[in-house]
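Me: Could you take me through the ligand site in this one, up close? I'd like to know what surrounds the ligand and how the sheet is put together.

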Amino acid sequence: MALPPPAELGMSLEEIDTPALLVDLDPFERNLRRMTDSLQGLPVRLRPHAKSHKCPEIARRQIALGAVGVCCQKVSEAEALVEGGIADVLVSNEVVGRRKLERLAALARRARVAVCVDDAGNVDELDAAARRAGVELDVLVEVDVGAGRCGVPPGPPALALAQRVQAREHLRFAGLQAYQGAAQHLREGAARRAAIATAVDHVRATVRLLEDHNIPCPWVSGGGTGTYLLEAASGAYREVQPGSYVFMDADYARNLQAPEASPSFELSLFVLATVMSRPTASRAVVDAGLKAFSVDSGLPEVHGRPGLTYVRAMDEHGMLEAAPGVQLPALGEKLLLVPGHCDPTVNLHDWYVAVRRGRVEALWPITARGAVW
Ligand SMILES: *Cc1c(COP(=O)(O)O)cnc(C)c1O
C-alpha cells in the first residue's frame, strides 16, 4: 500500500507538505541533456545507474535521450525497473543465494538481463538457476580496477573466471565490469585522472589476455559521475554507467571541477523542510532529520540561505544555527536542504515532487524505494 504524495499538482512550494523530496525540473532536465551531449562522438554507450533515482519514470527519460538501458544494484531494484517498462538491465553487482538467483533468472524471461560475477562457485549456481528457468544470461566478470570492493584481480584470475563462464551452457560471457568507485569523489582532477589511468591499464591488459585465449570481450562497463568522460575517452570502455549526475548532492559539489573527467552538473534534488519549532531566540528546529536524508557524506546544506547551517540531525528533527548577524528562520518557514549523498536519501522517500520554477508539475512514485534485497 503506497502512501499518497505530500503534494498536489499546481501547488506552490509553500503548500507542499514536508519533509518532501523535490526534483527541480529545469536543472534536472539540463543534467540529462548535458550527459547525452557530453558523450557525442565518443565510442561508448550510456547505461545510467538507476540506484541513484530508483524510478522508472526517470529511466524512461534517460532512455529517450539515448541511454541503452539501466544498471541496477539489486535484483529487487531490477524487478521494479522492469515492472516499470525498462527492457534492458545490467545488475552491476554480484547476486548470491538461491532465492535471489531464481528471481534474477525469472526476470530474464521478461527483459534483457545481465549480471556480474567474481566467484567460480557463484558461476555454477548462476548457470543452474538459468537452466531451471530456461533462460540464457549475459555475464560480466567483475574486475577490481582499484576500487577495493568486489571483483577478481585483473589478468589471470579474470581469465580463469571468464573461461568458466564460457564453459557453462546457460551463460554467455559478455565482457568485463570495471567500475572504479573509489575514484569518483577524489577532489582533485589529477587524482581522478591517475586513478582512471590505472583502471584503464588493468582493463586493457585483461582484455588482451582474454583475446590471446580467443575470448572476445565486446562489453566493458564502468565509470561514474566523477570520472565517466575519462573512461569514455580511453577507448578501453564500451559503456559508462554514471548515476548521481541526474541530481548531484553536497558531496559531489565538493569535487573540484575537472571538465576532462566530468562536466559540471547542477543540483536538482532537495529535501523541503519546515521550521517546526523556535523554542529559544537562538534555536530553530526543522522537521527533516535522519529519516528524510542520509548523513554518510555529511549533513545537508541549507540552500540559498547564507549563514544558516544545519548542525545536528536526529530521527525527525534537525537543528539550525545562524551565523552572527544572520536571522534564524521563522516558525513555519520552508527551507530547501541539499542532501550530502543523493542515492541513500532517495531510498527514504516514496515520491518525487517534481517542481518547475516553484510549482508542482508532476508526482513520480519511487517504485524501487526500499528495493535493496
Ligand atoms: C554507484 C555506482 C555507479 C554510479 O556512480 P555515481 O557516482 O552515482 O555516478 C556506477 N556503477 C556502479 C557499479 C555503482 O555502484
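**Around the ligand**

Reply: Start with Arg 149: an N or O atom in its side chain sits 3.0 Å from an oxygen atom of the ligand. Keep in mind that this is a predicted model. Thr 225 also reaches a ligand oxygen, with a polar side-chain atom 2.6 Å away. Over at Gln 241, the partner is a nitrogen atom of the ligand, 2.8 Å from an N or O atom of that side chain. The protein wraps up most of what's there: on its own the ligand would expose 380 Å², and 95% of that is buried by the protein.

As for where this happens, the ligand sits in the largest pocket. Around the ligand there are 15 residues, and the ones that come nearest are Lys 51, Gln 73, Thr 225, Ser 244 and Tyr 252. Sort the shell by character and you get ten polar residues, three nonpolar and two charged.

Now the sheet. Eight strands make it up, open and with parallel pairing, in the order 2-9-8-7-6-5-4-3. Strand 2 (45-46) and strand 3 (70-72) are the edges, and each has a single partner strand, so one side of each has no neighbour in the sheet. For strand 2 that partner is strand 9 (residues 239-240), paired in the parallel sense over two bridges. If you want a spot to zoom in on, find Arg 45, which stands opposite Glu 239 in strand 9.

Methods
Residues are numbered from 1 along each chain as its sequence is written. This is a predicted model: local features need pLDDT of at least 70, side-chain atom pairs count only at pLDDT 80 or more; totals for chains, interfaces and linings use all residues. Side-chain values use heavy atoms; hydrogens and water are left out. A residue is near a molecule or strand if one of its heavy atoms lies within 4 Å of it. A polar contact is a pair of N or O atoms within 3.5 Å; within protein, one must be able to donate a hydrogen and the other to accept it, and residues adjacent in sequence count only if both atoms are side-chain atoms. Accessible areas come from the Shrake-Rupley method with a 1.4 Å probe; for residues, only the protein chains shown count as cover. On a 1 Å grid over the protein atoms alone, a cavity is a set of points where a 1.4 Å probe fits but cannot get out, and a pocket is an open set with protein on both sides within 12 Å along at least five of seven lines; lining residues have an atom within 4 Å of a point. A molecule sits in a cavity or pocket if more than half of its atoms lie within 2 Å of its grid points. Ala, Val, Leu, Ile, Met, Phe, Trp, Tyr, Cys and Pro count as nonpolar, Asp, Glu, Lys and Arg as charged, and the others, Gly among them, as polar. Two strands pair if DSSP finds at least two bridges between them. Helices (H or I, at least four residues) and strands (E, at least two) are DSSP runs, numbered from the N terminus.
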